[in-house]
Amino acid sequence: MDIILMGAPGAGKGTQAARLKTALGYKHISTGDVLRSEIASGSELGKKVGAIIQKGDLVSDELMLSILKEVVSGVQEPIIFDGFPRTVPQAEMLNTMLASLGRELGKAVEISLPDEVVVVRLSSRKQCKLPSGEVKQIGPDFSLEDCAAQGGEVFTRKDDSAESIAHRLQVYHQQTEPVTAFYKQAGKFVAVNGDQHPDQVLNDLLNVLK
Ligand code: AMP
């Protein structure tokens, strides 16, 4: 069964999704990663979404759905959705899409984190671009030393600027938080505390996903 990882930007969705992928054999789909690779490739889609992402706004539901359909089609493994759905219409569209593909949604898990901690985390966040083009987040599973050893280049995401962080948090509370009510009503919502060591967060995630 597929799962959704929810939570504010910086809650640790990407880090934990990569860990769950390794632990449980999921396919990890991060819509943010998909959009950033479109921007890096200079595609028409990338040109369309670049300014929206930098500002911290959301890409339109229609565009996201068409992107997601393409990414999900043909996937055999259970999926972890990271960064999708971000609005109630996206959640409704995801239900329809999964049903049409004969897939089933297990749980929607929120990694909860207070806004103050989000701001501190995002303002100090660093990424590493490897020579292959792959981007890794500097953190518990990939250090600055790992980045240097693999010939990578350290950089800060454009949307991790102070202005964009504040805006993304506002967008999160206004547009994404209502998605939790959607999954509570469906009896699929669970939450874990994201303000603890990443190993403990993983432990809690594995427990609620049992
Ligand atoms: P993330 O890497 O998940 O923080 O996503 C980075 C940015 O990509 C977001 O701030 C949005 O601008 C855009 N984005 C990612 N996923 C979605 C989505 N499901 N709906 C709309 N915009 C998205």
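**Exercise 1.** Which residues of E1 point one way, and which the other way?

*Solution.* Keep in mind that this is a predicted model. Start with E1 itself, the strand spanning residues 2-6. Walk along the strand and sort its side chains: Asp-2, Ile-4 and Met-6 go one way, while Ile-3 and Leu-5 go the other way. Next, check how covered they are, taking buried as under 20% relative accessible area. Both sets turn out to be buried, so with that cut-off 5 of the 5 residues in E1 count as buried.

**Exercise 2.** Find the strands that E1 is joined to, and say how they run.

*Solution.* Take E4 to begin with, residues 105-112. It is joined to E1 by 4 bridges, and the two strands run parallel. To get your bearings here, look for Met-6, which sits opposite Glu-110 of E4. Now turn to E3, residues 79-82. This pairing has 3 bridges and is parallel too. A handy marker is Ile-4, with Phe-81 of E3 standing opposite.

**Exercise 3.** Describe how H2 and H3 pack, then sort the residues of their contact by type.

*Solution.* Set up the geometry: H2 covers residues 31-41 and H3 residues 44-55. Their axes come within 8 Å, crossing at roughly 115°, and the crossing is left-handed. Then list who touches whom. H2 brings Leu-35, Glu-38 and Ile-39; H3 answers with Leu-45, Gly-46, Val-49, Gly-50 and Ile-53. Finally, sort them: the contact has 5 nonpolar residues, 2 polar ones and 1 charged.

Notes. Residues are numbered from 1 along each chain as its sequence is written. This is a predicted model: local features need pLDDT of at least 70, side-chain atom pairs count only at pLDDT 80 or more; totals for chains, interfaces and linings use all residues. Side-chain values use heavy atoms; hydrogens and water are left out. Axes are lines fitted to C-alpha atoms, for helices over the stretch in contact, and angles run from 0 to 180 degrees between N-to-C directions. A crossing is left-handed if the near helix is turned anticlockwise from the far one by less than a right angle, and right-handed if clockwise. Contact means heavy atoms within 4.5 Å. Ala, Val, Leu, Ile, Met, Phe, Trp, Tyr, Cys and Pro count as nonpolar, Asp, Glu, Lys and Arg as charged, and the others, Gly among them, as polar. Buried means under 20% relative accessible area, exposed over 50%, partly exposed in between (1.4 Å probe, protein chains only). Two strands pair if DSSP finds at least two bridges between them.
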